[in-house]
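Hi,

Here is the structure I promised to pass on. Have a look at it first, and then read on for what turned up when I went through it.

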Amino acid sequence: MGILVENVSKQFGDFQALDNINLEVKNGSLTALLGPSGSGKSTLLRLIAGLETPDRGKIFITGKDFTSQDPRDRNIGFVFQHYALFKHMSVRQNIAFGLEIRKNPKQKTQARVDELLELVQLKGLGNRYPSQLSGGQRQRVALARALAVEPQVLLLDEPFGALDAQVRKELRAWLRRLHDEVHVTSVFVTHDQEEAMEVSDEIVVMNKGKIEQIGSPADVYDNPATSFVMSFIGPVN
Ligand code: ADP
Ligand code: MG
């Protein structure tokens, strides 16, 4: 079992940011939340992460009701658009951080860091500092750091949003390959149709705090469920 979001609503003041959301993210899948700016994607991700609590509804992660649990007990990895790495720490230290605070034995931690550096294709850059890396390399370190503790769930909020188009395209393809290797249940937020199409197993199209359609990239593209989906997904403009 992956993630189950049941009848979840969230309001900020008078503004209905999420309106009765129902969603199942299959175990081991890579699901994209796709929608225009302000449609509620980040709010939904933050609710799954436990950084916000829903006004109504429940959130289950691997079958367990996590609605009112401490976020630290969720074992979730995050990557955000501007995920600040620790500037005063090397790449290795950044990746090892989560393992060290959990008091993993030193040797085991170092072996795991080597494994992760290889996974994100940054072998040989372990002793650099974040300022000595490109934007794309930094996001790969952020991903390695998120994966270090073997999270049950990986949440990515526009992780490549700040990168230029070429790097973005490369990282998309790379993330897809990585996911095929690691298979951690992942939710990926993007406002970019092409990115969602290329990266994900399933696309959740959002608009104004509601889900318009859930389906495979081909489903959503070939059989748009609403006129919104048709215009949003339609010919890439
Ligand atoms: P998206 O990620 O799809 O761009 P968000 O989930 O960030 O959308 O935001 C949805 C709406 O909720 C936006 O109009 C935003 O201004 C509002 N919103 C999000 N977080 C807060 C907050 N903490 N307080 C007030 N309004 C918020
Ligand atoms: Mg957002």
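**What I found, strand by strand and helix by helix**

Let's start with one pair: Lys 10 has Leu 18, in S2, as its bridge partner. Before I go further, please keep in mind that this is a predicted model.

That pair belongs to a longer run of contacts, in which strand S1 (residues 3–12) and strand S2 (residues 15–25) are joined by seven bridges and lie antiparallel. The two strands make a hairpin with two residues between them, and Gly 13 in the turn has a positive phi of about 60°. S1 also pairs with strand S4 (residues 56–61), again antiparallel, this time through five bridges. If you want a spot to look at there, Ser 9 has Arg 56 of S4 as its bridge partner.

Put together, this gives an open sheet of four strands in the order S2-S1-S4-S5, with antiparallel pairing. S2 and strand S5 (64–65) are at the edges with a single partner strand each, so one side of each has no neighbour in the sheet.

**Around the ligand**

Which residues surround ligand 1? The list is Phe 12, Phe 15, Ala 17, Gly 35, Ser 37, Gly 38, Ser 39, Gly 40, Lys 41, Ser 42 and Thr 43. S2 and helix H1 (41–49) are the elements that give two or more residues to this shell, and H1 supplies the largest share, with three residues. By type, the shell has three nonpolar residues, seven polar and one charged.

**The helices**

Helix H3 (residues 106–119) is a good one to pull up. Its 14 residues reach 20 Å from the first C-alpha to the last, close to the 20 Å expected at 1.5 Å a residue. Thr 109, Val 113, Leu 116 and Leu 117 are the buried residues of H3. They cover an arc of only 100° around the axis, and that is why they end up on the same side of H3. The background is simple: an α-helix has 3.6 residues a turn, so residues three or four places apart point the same way. The other side of H3 has Gln 107, Lys 108, Ala 111 and Glu 118, which are exposed.

What covers the buried residues of H3? Helix H2 (91–101) and helix H4 (135–147) are among the elements that do so. Just past the end of H3 comes Gln 121, with a positive phi near 55°.

H2 has its own set of buried residues, namely Val 91, Arg 92, Asn 94, Ile 95, Ala 96 and Leu 99. Their cover includes H3 and H4. After H2 comes Lys 103, and here too phi is positive, near 60°.

**One arginine to look at**

Arg 145 is found in helix H4. Is Arg 145 buried or exposed? With 20 or more other C-beta atoms within 10 Å a residue counts as buried; Arg 145 has 26, so it is buried. Leaving aside residues up to four places away in sequence, Arg 145 touches Asn 94, Ile 95, Phe 97 and Gly 98. Of these, Asn 94 and Ile 95 also appear among the buried residues of H2. As for Trp 174, it is 29 residues from Arg 145 in sequence and 16 Å away in space, C-alpha to C-alpha.

**A buried strand**

Last stop: strand S9 (residues 202–207). Five of its six residues are buried, so S9 is largely enclosed by the rest of the structure. On one pairing, S9 runs parallel to strand S3 (residues 30–34), with four bridges joining them; Thr 31 has Glu 202 in S9 as its bridge partner. S9 also pairs with strand S10 (residues 210–215), in the antiparallel sense and over five bridges. There, Ile 203 stands opposite Gly 215 in S10. S9 and S10 form a hairpin with two residues between the strands, where Lys 208 takes a positive phi near 50°.

That's the tour. Shout if you'd like to go through any of it together.

Cheers

Note on methods. Residues are numbered from 1 along each chain as its sequence is written. Chains are lettered from A and ligands numbered from 1 in the order in which they are written. This is a predicted model: local features need pLDDT of at least 70, side-chain atom pairs count only at pLDDT 80 or more; totals for chains, interfaces and linings use all residues. Two strands pair if DSSP finds at least two bridges between them. A residue is near a molecule or strand if its C-beta atom, placed from the backbone, lies within 6 Å of it. Ala, Val, Leu, Ile, Met, Phe, Trp, Tyr, Cys and Pro count as nonpolar, Asp, Glu, Lys and Arg as charged, and the others, Gly among them, as polar. The expected span of a helix is 1.5 Å times one less than its number of residues. A residue is buried if 20 or more other C-beta atoms lie within 10 Å of its own, exposed if 12 or fewer, and partly exposed in between; C-beta atoms are placed from the backbone. The arc is that of the directions from the helix axis to the C-beta atoms. Two residues are in contact if their C-beta atoms, placed from the backbone, lie within 7 Å.
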